[in-house]
Amino acid sequence: MTERKIKLQLKDMTKKYDNGDGVEHINLDIYEGEIVSFLGPSGCGKTTILRAIGGFHDVTSGDITIDGQSIVGLPPEKRPTAMVFQSYNLWPHMTVYENLAFGLKLRKMPKSQIDSEIQSHLKLVSMSGSEKKYPSQLSGGQQQRIAIARSLLLKPSLLLLDEPFSALDAKIRHQMREELKKIQSDLGITVVFVTHDQEEAMSLSHRIVVMNKGKFEQVGTPTEIYDNPHSKYVASFIGEMNFIQDGEKTIAVRPENVNVIVGGSGMINGKVRTIMVLGHYVSVNVQCGDDVIKCFVNRDISDQLEVGDSVGLNFEKYHTFTE
């Protein structure tokens, strides 16, 4: 197996604001062709890191390198990065073609090459034929596709995405994730993605950085973070999780890892509180003393249950936290 090339390095990077907020001592290697997501609640520092990489924030100390070259001190336009924001930032008075051509004209690219590049990138984002339209004539999802195409036209070494799909409705958001994943795979481009949406991070990323109050809680693949959360915070932030207090310990168990024993007893016993059919699986809430435990079961099991039934619960897999 060939050794992976490091595309981006954050070396002991610190960015502090005047009020004391920010991030400090951030160290991370991102490899060529990776999608890495920074995931966390508002104010945890994920956008601060992204804007520091893009050159929109100066760093207080430390270094940021791309392909081994320091980019600290370079303005955004001199960095080999392109950033896509939550707001599409398309010029409303320009057509799609003019929006896409603007950066290429600044680079003195010949018109024939500009035409060719725009055609290929519109095809890449499934927007062929929209050259003469204005942004106001496009849906939010279509405008974001154009914003992504505009960034990719500049051939960045690194694509930075700041919650680019959060303003879109759920169905379009799913489509855009799939599109982005395909584009990234086709081009082999390195992507740094900021989101507070755990499903988005899980579905898109090769690795996820879970952040909390300016620090990294855990860095790993979606599977690693989902199956082996290092802390109660990570366990609560990724996927659904039941937390059961057991003396000084907290037991954390995912709903799909709870076996419901109809009419029997288990590690914990309780009564069925609610039954909700969610398509191919059913969510059953069981009242166990003061705790309500969510269980995902198949239809065969749920068909045997009614609200108020006594059931036993066994945990196939669980985590124990002492924090």
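Residues are taken as exposed when their relative accessible area is over 50% and as buried when it is under 20%. In this predicted model, that distinction separates two sides of helix 5: the exposed residues Lys171, Glu178, Lys182 and Ser185 lie on the face turned away from the buried side of the helix, whereas Arg173, Met176, Arg177, Leu180, Ile183 and Gln184 are buried. These six buried residues are placed on the same side of helix 5 because they cover an arc of only 135° around the axis.

Helix 5 itself comprises 18 residues, from 170 to 187, and spans 26 Å from its first C-alpha to its last, close to the 26 Å expected at 1.5 Å a residue. The cover over its buried residues is contributed by elements that include strand 3 (35-39), strand 7 (158-162) and strand 8 (190-195), together with helix 3 (111-124), helix 4 (140-153) and helix 6 (198-204). Just after helix 5, glycine 188 adopts a positive phi of about 70°.

Strand 8, one of the elements covering the buried residues of helix 5, contains threonine 195. With a relative accessibility of 1%, threonine 195 counts as buried, and a polar atom of its side chain lies 2.9 Å from the backbone nitrogen of aspartate 197. When neighbours within four places in sequence are left aside, threonine 195 is in contact with Phe38, Leu39, Gly40, Lys46, Glu163, Glu200 and Ala201.

Aromatic pairs were searched for across the whole structure, and seven were found. One of them is formed by tyrosine 281 and phenylalanine 296 in an edge-to-face arrangement, with 4.9 Å from centre to centre and 65° between the planes. This pair links distant parts of the chain, since tyrosine 281 is situated in the loop between strand 14 (268-277) and strand 15 (282-288), while phenylalanine 296, 15 residues apart from it, belongs to strand 16 (residues 291-297). Tyrosine 281 counts as partly exposed, at 27% relative accessibility. A further edge-to-face pair joins phenylalanine 315 and tyrosine 318, with a centre-to-centre distance of 6.3 Å and an angle of 70° between the planes. Within this pair, phenylalanine 315 is buried, with a relative accessible area of 9%, whereas tyrosine 318, with a relative accessible area of 40%, is partly exposed.

Positively charged side chains are also placed over aromatic rings. The charged end of arginine 4 sits over the ring of tyrosine 31, at 3.8 Å from the ring's centre, and lysine 232 lies over the face of phenylalanine 243, 5.6 Å from the ring centre.

How values were computed:
Residues numbered from 1 in each chain as written. Predicted model: local features only at pLDDT ≥ 70, side-chain atom pairs only at ≥ 80, totals over all residues. Heavy atoms only, no water. Helix = DSSP H or I, 4+ residues; strand = E, 2+ residues; numbered from the N terminus. Expected span 1.5 Å × (residues − 1). Buried < 20%, exposed > 50% of the residue type's maximum accessible area, 1.4 Å probe, protein only. Arc of directions from axis to C-beta. Contact = heavy atoms within 4.5 Å. Polar contact = N/O pair within 3.5 Å; in protein donor to acceptor, adjacent residues only side chain to side chain. Phe/Tyr/Trp six-rings, centres within 6.5 Å; stacked < 30°, edge-to-face > 60°. Lys NZ or Arg CZ within 6 Å of the ring centre and 35° of its normal.
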